[in-house]
Amino acid sequence: MGLIVFALFLSLAFSLLLSKVKSGRGAEWAKLFRIASVIISISVFTYWFIKKSAVGVVNDAVGLQVINTLPQTLDFYVININDQDNNGILDVKHIGKIRPEHYRIEYLKMDRSDEYWIAGYLGKKNLVYFSQHSVPNKNIDQIVEVQNYINQSVKLSDKAKKQVEAYNYENIKLGIWVTLDFLLLFLNLMLLLKRKK
């Protein structure tokens with residue numbers, strides 16, 4: 001999605017520059033390009049937000065229920081180990097903040113994996129919980145009850161920490177580009193509507 005968002009940014013920035021073309025042979029083409037850029041941008045973001053807000057049920061996925069029985073709210077991540085060829089491929093998902101005596105459900109695509117890790121953070125960088133889980137039977141959903149502050153493997157938790165940091169960094173970067181895209185989209189839309197008046 002990052003590449004698409006960057007392409008939309010370039011398109012919308014160029015459209016903003018084309019708003020200065022008011023007369024001549026290129027004026028109509030400039031206006032058509034600007035309208036197309038705005039329509040494509042709105043369509044892409046609408047599709048993306050609908051897809052993101054839809055329930056994450058995946059076919060042939062393993063349901064994972066994480067229950068927090070600790071007295072503090074923890075921020076949980078699940079790391080799916082898609083690493084059969086030792087390529088270091090780890091899929092990180094943010095489950096979210098889980099309050100005491102509450103739970104969250106996530107669906108994991110386990111077709112290329114039989115193991116996942118759960119990392120729990122107290123605050124942004126304080127890893128207070130790490131557990132490693134195998135999935136011997138992919139037809140049975142998983143329930144993980146977090147009852148104490150443990151770190152099952154310091155080596156693996158350090159690896160998980162790096163993956164979570166990289167995941168959060170990518171999300172921050174994407175968030176900045178999306179914000180810039182929305183700003184340019186708003187400016188282009190206002191200029192187009194102003195012209196129509």
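Buried means under 20% relative accessible area, exposed over 50%, and partly exposed in between, with a 1.4 Å probe and protein chains only. The model is predicted: local features need pLDDT of at least 70, side-chain atom pairs count only at pLDDT 80 or more, and totals for chains, interfaces and linings use all residues. Residues are numbered from 1 along each chain as its sequence is written, and side-chain values use heavy atoms, with hydrogens and water left out.

**Exercise 1. Classify Glu101 by accessibility and describe its backbone.**

Step 1. Glu101 sits in the loop between strand 3 (90-98) and strand 4 (102-109). Helices (H or I, at least four residues) and strands (E, at least two) are DSSP runs, numbered from the N terminus.
Step 2. The relative accessibility of Glu101 is 60%, so Glu101 counts as exposed.
Step 3. The phi of Glu101 is positive, about 60°, although Glu101 is not a glycine.

**Exercise 2. Check the lengths of helix 1 and helix 2 against 1.5 Å a residue.**

Step 1. The expected span of a helix is 1.5 Å times one less than its number of residues.
Step 2. Helix 1 (residues 2-18) has 17 residues and should therefore span 24 Å; its end C-alpha atoms are 24 Å apart, which agrees.
Step 3. Helix 2 (residues 26-53) has 28 residues, so 40 Å is expected, and the end C-alpha atoms are 40 Å apart, in agreement.

**Exercise 3. List the buried residues of helix 1 and of helix 2, and place Ala7 and Ser41.**

Step 1. In helix 1 the buried residues are Val5, Leu8, Phe9, Ser11, Leu12, Ser15 and Leu18.
Step 2. In helix 2 they are Ala27, Ala30, Arg34, Ser37, Val38, Ser41, Phe45 and Trp48.
Step 3. For reading such lists: an α-helix has 3.6 residues a turn, so residues three or four places apart point the same way.
Step 4. Ala7 also lies in helix 1, but with a relative accessible area of 41% Ala7 is partly exposed.
Step 5. The C-alpha atoms of Ala7 and Ser41 are separated by 9.9 Å, at 34 residues apart along the chain.

**Exercise 4. Describe the surroundings of Gln132.**

Step 1. Gln132 belongs to strand 6 (residues 127-134) and is partly exposed, at a relative accessible area of 34%.
Step 2. Contact means heavy atoms within 4.5 Å. Leaving aside neighbours within four places in sequence, Gln132 is in contact with Glu115, Tyr116, Trp117, Gln152 and Leu156.
Step 3. From Gln132 to Ser41 the C-alpha distance is 41 Å, at 91 residues apart in sequence.

**Exercise 5. Decide whether the chain is spread out or a compact globule.**

Step 1. The chain holds three helices and seven strands, in the order α-α-β-β-β-β-β-β-β-α from the N terminus on.
Step 2. The globule rule, 2.2 Å times the number of residues to the power 0.38, is compared with a radius of gyration taken over C-alpha atoms.
Step 3. For 197 residues the rule gives 16 Å; the radius of gyration is 22 Å, well over that, so the chain is more spread out than a compact globule.
Step 4. The C-alpha trace spans about 70 × 35 × 30 Å along its principal axes.
Step 5. Of the 197 residues, 36% count as buried.
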